[in-house]
Amino acid sequence: MDEAAPPAGNRLALAGAIWYLLEIPILFPFSSATSPSPVKTAELVAFYSAQKSNLLIGAAGASVVLLGRIAFSAGARASLSRTAGVRALADLALGSMVLSVVLEIGMTALFAAAGRMAADHGDPAGIVALHYAAETVGFALFPAIAVAVAATALAQVISAQFPRWLGWLGLVTGVAGIASSAFGVATAQSLVGGPPGLGLWIFGFWIWMVATGIVLFRLTIGRHPARPEPA
């Protein structure tokens, strides 16, 4: 049996991965503070009032850097063969990743709205409501990322166009993310600020994403049309 052809190389996947990971040095300093738990209204209002500027910066920055996840998924989708089963999985992955970005931007915007409301001495009950709304959106966010990872990785395995270890790394990571997210929802424990082990699969996602981008980037360099031998 002939080996599968290599995937179509592109630079968008790696660019998207790097673009998205810029949130670590750029946004994490503004969004690393965690709200008090268990929730006490006075403490929550004081927290959001103090974090107003950081939360606004985080919301604005998220609307830019999180687009890198969509760019990565679009690049990964473009690299896969156009066979029906593989293409359908790639389409599902891209749709799930777009959904995850919309949810995450919405979550950060709700947190920022709570900060503005607290700083302007708004109704404490409204601030608490915004806090719970943002956290609830977060419960939907991480399963969407995990499904996108699992679907892309499964397409990589089925297509046999990528190194086997890469597809299986992504598949295990995605399944672990789905299970972890389901556990978090069932126990009402957020990945952010919850038990330390709940979000470990995110590191696997980052590694798999960058590795996929590197594989596809390498396919775009060093390829030149063969020159005819001199007569």
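Isoleucine 18 lies in helix α1, and in this predicted model the residue is partly exposed, with a relative accessible area of 49%. Although isoleucine 18 and glycine 213 are 195 residues apart in sequence, their C-alpha atoms are 9.0 Å apart in space. A preference for distant partners also appears in the contacts of the protein as a whole: among those between residues at least 6 apart in sequence, 79% join residues at least 24 apart.

**Overall architecture**

The protein has ten helices and zero strands, so that reading along the sequence gives the pattern α-α-α-α-α-α-α-α-α-α. Of its 231 residues, 42% count as buried.

The largest nonpolar core holds 52 residues, and within it Tyr48, Phe205, Trp208 and Met209 touch the most other members. At least two residues of this core come from each of α1 (12–21), α4 (41–50), α5 (52–65), α6 (67–79), α7, α8, α9 and α10 (201–218). The helix that gives the most to the core is α8, with twelve residues.

**Tyrosine 48 and the packing of α4 against α8**

Where is tyrosine 48 placed, and is it buried or exposed? Tyrosine 48 sits in helix α4, and it is buried because its relative accessible area is 1%, whereas the cut-off for burial is under 20%. Leaving aside residues up to four places away in sequence, tyrosine 48 touches Leu55, Phe111, Ala114, Gly115, Ala118, Ile127 and His131. One of these partners, isoleucine 127, is 79 residues from tyrosine 48 in sequence, yet the two are 8.3 Å apart from C-alpha to C-alpha.

Two packed helices are described by the angle between their axes and the distance between the axes. For α4 and α8 the angle is about 75 degrees and the axes are 10 Å apart. Because angles of 65 to 115 degrees count as roughly perpendicular, α4 and α8 are described as roughly perpendicular to each other. On the α4 side the contact is made by Thr41, Leu44, Val45 and Tyr48, and on the α8 side by Pro124, Ile127, Val128 and His131. By character, the residues of this contact of α4 with α8 divide into six nonpolar, two polar and no charged. An α-helix has 3.6 residues a turn, so residues three or four places apart point the same way.

**Helix α5 and its surroundings**

Helix α5 has 14 residues and reaches 20 Å from its first C-alpha to its last, close to the 20 Å expected at 1.5 Å a residue. Its buried residues are Leu55, Gly58, Ala59, Gly61, Ala62 and Val65. The elements that cover these buried residues include α1, α2 (23–26), α3 (28–31), α4, α6 and α7.

A contact between α5 and α7 can be followed at the level of single residues. Threonine 108 is found in helix α7 and is buried, with a relative accessible area of 15%. Not counting residues up to four places away in sequence, threonine 108 touches Ala59 and Ala62, and both of these are among the buried residues of α5.

Serine 96 is also found in helix α7, and it too is buried, with a relative accessible area of 12%. With residues up to four places away in sequence again left out, serine 96 touches Ala144, Val147 and Ala148. The C-alpha atoms of serine 96 and isoleucine 70, which are 26 residues apart along the chain, are separated by 9.5 Å.

**Positive phi values in two loops**

Histidine 121 has a phi near 60 degrees, a positive value in a residue other than glycine, and alanine 160, likewise not a glycine, has a positive phi of about 55 degrees. The table sets out where these two residues lie and how accessible they are.

| Residue | Phi | Loop | Relative accessible area |
|---|---|---|---|
| Histidine 121 | near 60 degrees | between α7 (84–119) and α8 (124–159) | 75%, exposed |
| Alanine 160 | about 55 degrees | between α8 and α9 (164–187) | 48%, partly exposed |

Histidine 121 therefore counts as exposed, since its 75% is over the 50% cut-off, whereas alanine 160, at 48%, is classed as partly exposed. The loop that holds histidine 121 comes between α7 and α8, and the loop that holds alanine 160 comes between α8 and α9.

Definitions and conventions
Residues numbered from 1 in each chain as written. Predicted model: local features only at pLDDT ≥ 70, side-chain atom pairs only at ≥ 80, totals over all residues. Heavy atoms only, no water. Helix = DSSP H or I, 4+ residues; strand = E, 2+ residues; numbered from the N terminus. Buried < 20%, exposed > 50% of the residue type's maximum accessible area, 1.4 Å probe, protein only. Core = buried A, V, L, I, M, F, W, Y, C linked by side-chain atoms within 4.5 Å. Axes fitted to C-alpha atoms, helices over the stretch in contact; angles between N-to-C directions. Parallel < 35°, antiparallel > 145°, perpendicular 65-115°, else oblique. Contact = heavy atoms within 4.5 Å. Nonpolar A, V, L, I, M, F, W, Y, C, P; charged D, E, K, R; others polar. Expected span 1.5 Å × (residues − 1).
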